[in-house]
Amino acid sequence: MIFLAAAMASLAGCRTNSGAGTKKLEQKTYHLRGRIVAVGGNGAAEPGHIVVDAGAIPGLMEAMTMSYKLVDPTVASELHVGDVITARVVVDEDAAGPLNPRLDQIVVVGQAKPDTKPPVQYHVPAPGDAVPDFKMVNQSGKQIHLGQFRGKVLLVTFIYTRCPIADFCPLMSSNFAEIDKGLAANKSFYARTHLLSVSFDPEYDTPKVLRSYGGAHTGRFTDEDFAHWDFAAPSVAELPKVEEWFDVGVTGSSADVASIQHSLSTVLIGKDGKVIAWYPSNEWKVPEVLAEIEKAAG
């Protein structure tokens, strides 16, 4: 557990008290995806903690295995060694660096124990995968389906309009707004591309709600015609299949918005209806994705 020891030493937050007043720490969040190695109380992890073998967390650390405190310790009972999770890493930062790492918004996207596997098994979008022709209803109350965008390069992301986490859904919508403006600067690319934001909260995100949310993010409000960027939601019955295929882990209930937790998924789909690239976090950058879109549309 060398990596674990090193990580804990760098992020545990040990500081020498100089006797001066305590400076207010800045809180920052990052996105983690990894496999659980130990759950608190089994000797390998402290109670209220889990040990995760995670990939690199840009801006925070390289890929490593380390212990994280759970913001809500009660979720430990729902986690198992071998589960693949996505989560929000919250750290406090001062001049010396990050400290006190903890996990929040945990979503299990791959369960390890056969007796706990849900009826829906998540699929990881890979280049070359043919995207199913899922149907949904857009901001204008019209039924659309993914197959209708064949012949165009389609960028799809998943959101819900009441998301309070600034670097989750609001960031995805802000990124899409930048991409929309970037593509609009070249009429040729604009005509050969399309954007689609899919809500996984169809009970609340009705066409009226999506229309208002979409118009606010394009900046055209009631003047928006949504010709290049649709906001849509599958039916409640179809939603689990969509979440499964695009690897969108969602827990909680629409009736209790505070209970909703989710992972992220943004997919670039080619003119042939097949996956070009999959971005499973909030770390993708607009210029890079915009370049990929233009390359595929060129």
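The protein averages a pLDDT of 88, and 88% of its residues reach 70 or more. Keep in mind that this is a predicted model. The start of the chain is where to be careful: pLDDT stays under 50 over residues 1-10, a stretch for which the model has 11 contacts beyond four places in sequence. Residues 12-21 also have pLDDT below 50, with eight contacts in the model beyond near neighbours in sequence.

**Overall build**

Six helices and 14 strands make up the secondary structure. There are 298 residues, and 47% of them count as buried. Among contacts with a separation of 6 or more, 67% are between residues 24 or more positions apart. On the outside, the protein exposes about 14,200 Å², with carbon and sulfur atoms supplying 54% of that area.

**The strands**

Now for the barrel. Five strands close it in the order E1-E2-E3-E5-E4, and the pairing is mixed. From one strand to the next, the twist averages 55°. As a reminder, strands of a sheet pair through backbone hydrogen bonds, either parallel or antiparallel. Within the barrel, E1 (residues 26-39) and E2 (residues 49-54) go together in the antiparallel sense over five bridges; if you want a spot to look at, Gly34 stands opposite Ala54 in E2.

Further along the chain, E11 (residues 250-253) and E12 (residues 256-262) also pair in the antiparallel sense, over three bridges. These two strands, E11 and E12, form a hairpin with two residues between them, and Thr251 stands opposite Gln261 in E12.

**The aromatic rings**

The structure holds 10 aromatic pairs. Here are two of them, both edge-to-face:

| Pair | Centre to centre | Angle between planes |
|---|---|---|
| Phe226 and Phe231 | 6.1 Å | 85° |
| Trp245 and Phe246 | 5.0 Å | 75° |

Are Phe226 and Phe231 buried or exposed? Phe226 counts as buried because its relative accessibility is 5%, which is under the 20% cut-off. Phe231 is buried too, with a relative accessible area of 0%. As for the other pair in the table, both Trp245 and Phe246 are buried.

Which residues form one aromatic cluster with Phe226 and Phe231? The cluster brings in Phe176, Tyr213, Trp229, Tyr279 and Trp284 alongside those two phenylalanines. So if you are browsing the model, Phe226 and Phe231 can be viewed both as an edge-to-face pair and as members of this cluster, with Phe231 at 0% relative accessible area and therefore buried.

Methods. Residues numbered from 1 in each chain as written. Predicted model: local features only at pLDDT ≥ 70, side-chain atom pairs only at ≥ 80, totals over all residues. Heavy atoms only, no water. Helix = DSSP H or I, 4+ residues; strand = E, 2+ residues; numbered from the N terminus. Buried < 20%, exposed > 50% of the residue type's maximum accessible area, 1.4 Å probe, protein only. Contact = heavy atoms within 4.5 Å. Areas by Shrake-Rupley, 256 points an atom, 1.4 Å probe, with all protein chains shown as cover. Pairing = 2+ DSSP bridges. Axes fitted to C-alpha atoms, helices over the stretch in contact; angles between N-to-C directions. pLDDT = per-residue confidence, 0-100. Phe/Tyr/Trp six-rings, centres within 6.5 Å; stacked < 30°, edge-to-face > 60°.
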